Amino acid sequence: MFFCSGQDVRDRMNRFGREGTPFFFMIDFDLSQGVAERPNALPASMLQYSFPSASNEVRQAAGCPRELRWHAFPQSFEDYRRSFDEVHHNLQSGNTFLVNLTCATPVETNWSRLNIFQQAQARYKLWLRNHFVVFSPETFVRIENGFIYSHPMKGTRDGSLPDARAGLLNDEKEAAEHATITDLIRNDLSRVAREVKVLRDRYLDELQTHEGPLLQMSSEIRGRLYENYRENLGDCLFSLLPAGSITGAPKKKTVEIIRHAETYRRGFYTGVMGFFDGCSLDSAVMIRFLEQDADGRFWFKSGGGITFKSDARNEYEEMKRKIYVPVY
């Protein structure tokens with residue numbers, strides 16, 4: 001595979017930005033490896049992506065069964081509770097205000113990762129041969145006309161519940177979690193931009209899944225980039241990583257807590273992927289993530305934000321609700 005080190009990814013992004021050269025990129029959660037490459041150097045037999053601004057998707061028959069069979073085998077509540085309690089202890093001790101706790105869940109399905117890539121309805125999609133498929137609804141940052149935009153997504157509810165929209169908007173825990181991440185992202189953008197402000201606060205998107213609708217809460221934040229940002233495009237992006245919506249606050253200490261509390265390595269899950277067309281950039285957080293290991297087993301990675309007010313059972317159920325495929 002064509003992975004290179006995180007530093008090489010940063011350097012290549014800087015060079016492509018200065019040249020105005022279009023490129024695709026992806027970076028793992030640890031910022032240790034990734035890809036930054038011209039589109040014509042990415043064989044579709046190895047990697048396919050489909051973003052609003054660019055795609056190399058090859059539409060072909062992939063022997064897809066008519067109906068999706070999908071069975072998840074989440075860890076027990078008791079096992080989840082051990083990780084949750086460690087996070088909650090750090091919250092009570094004042095070491096963090098918000099932690100995004102995630103899990104890896106075994107799943108069985110009759111669809112291949114390529115089947116899922118082709119059939120999933122998502123804003124951002126990525127298929128990497130012999131590795132994983134991503135179908136993400138969450139924008140990381142967009143850069144257009146000298147402005148940088150972010151859309152942190154934090155807050156989830158089953159859309160089929162009565163008064164689901166009002167319930168999500170009025171939930172004190174979800175509101176506090178969302179406010180914390182919005183403030184974190186606003187501060188992150190202030191490192192690379194000026195005039196940073198929230199344009200839209202707490203708007204809802206309804207995502208369709210094979211098990212019904214799911215509501216997600218987002219906000220839109222914008223800042224004006226400095227004039228020479230393209231010359232340091234990689235430095236600019238890396239200074240914002242890892243993404244605040246899938247770590248927590250304060251970010252550095254919270255990443256340490258995550259690595260100790262979680263029972264697996266995230267890898268490319270919750271990293272970022274995107275495309276630069278020579279002028280504008282669009283990117284996504286790599287969530288809604290299905291990985292295949294060397295033994296052919298599938299693992300779906302999902303989680304949610306934990307605050308001081310979080311209830312372990314509710315967070316466990318939210319983690320399970322996010323184990324879905326957007327096929328409908």
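Modeller: Relative accessible area is read in three classes: buried is under 20%, exposed is over 50%, and partly exposed lies in between (1.4 Å probe, protein chains only). Arg200, with a relative accessible area of 38%, falls between those cut-offs and is therefore partly exposed. This is a predicted model, in which local features need pLDDT of at least 70 and side-chain atom pairs count only at pLDDT 80 or more, while totals for chains, interfaces and linings use all residues. Residues are numbered from 1 along each chain as its sequence is written, and side-chain values use heavy atoms, with hydrogens and water left out.

Colleague: Why is the contact between Arg200 and Glu220 called a salt bridge?

Modeller: The term asks for a side-chain nitrogen of Lys or Arg within 4 Å of a carboxyl oxygen of Asp or Glu. Arg200 and Glu220 meet at 2.9 Å, N to O, so the pair satisfies that rule. Arg200 lies in strand 12 (residues 193-209) and Glu220 in strand 13 (residues 212-225), so the pair ties together parts that are 20 residues apart in sequence. Strands here are DSSP runs of E of at least two residues, helices are runs of H or I of at least four, and both are numbered from the N terminus.

Colleague: Is Glu220 buried or exposed?

Modeller: Glu220 has a relative accessible area of 11%, which puts this residue under the buried cut-off, so Glu220 is buried.

Colleague: What makes Arg142, Glu144, Arg200 and Glu220 belong together?

Modeller: These four residues are linked in a network of salt bridges, and one of its pairs is Glu144 with Arg142, at 2.6 Å, N to O. Arg142 is buried at 15%, whereas Glu144, at 35%, is partly exposed. The structure holds 24 salt bridges.

Colleague: How do you know that Arg142 sits over the ring of Tyr149?

Modeller: A charge sits over a ring if NZ of Lys or CZ of Arg is within 6 Å of the ring centre and within 35 degrees of the ring normal. The charged end of Arg142 meets this description over Tyr149, 4.6 Å from the ring centre, and the charged end of Arg200 sits over the ring of Tyr203, 4.0 Å from its centre.

Colleague: Where do Asp79 and Arg82 lie?

Modeller: Both lie in helix 2 (residues 77-92), three residues apart, about one turn of the helix, and their side chains form a salt bridge at 2.0 Å, N to O. Arg82 is exposed, since its 55% is over the cut-off for that class, while Asp79 is partly exposed at 32%.

Colleague: How is helix 2 placed against helix 7?

Modeller: The axes of helix 2 and helix 7 (residues 251-261) come within 9 Å and cross at roughly 155°. That angle makes helix 2 roughly antiparallel to helix 7, because angles over 145 degrees count as roughly antiparallel, under 35 as roughly parallel, 65 to 115 as roughly perpendicular and the rest as oblique.

Colleague: Why is the aromatic pair of Phe16 and Phe23 called tilted?

Modeller: Rings of Phe, Tyr and Trp (its six-membered ring) pair if their centres lie within 6.5 Å, and planes under 30 degrees apart are stacked, over 60 edge-to-face and the rest tilted. By this rule there are 18 aromatic pairs. Phe16 and Phe23 lie 5.3 Å apart, centre to centre, with 35° between the planes, so they pair and are tilted. Both residues are buried.

Note on methods: Axes fitted to C-alpha atoms, helices over the stretch in contact; angles between N-to-C directions.
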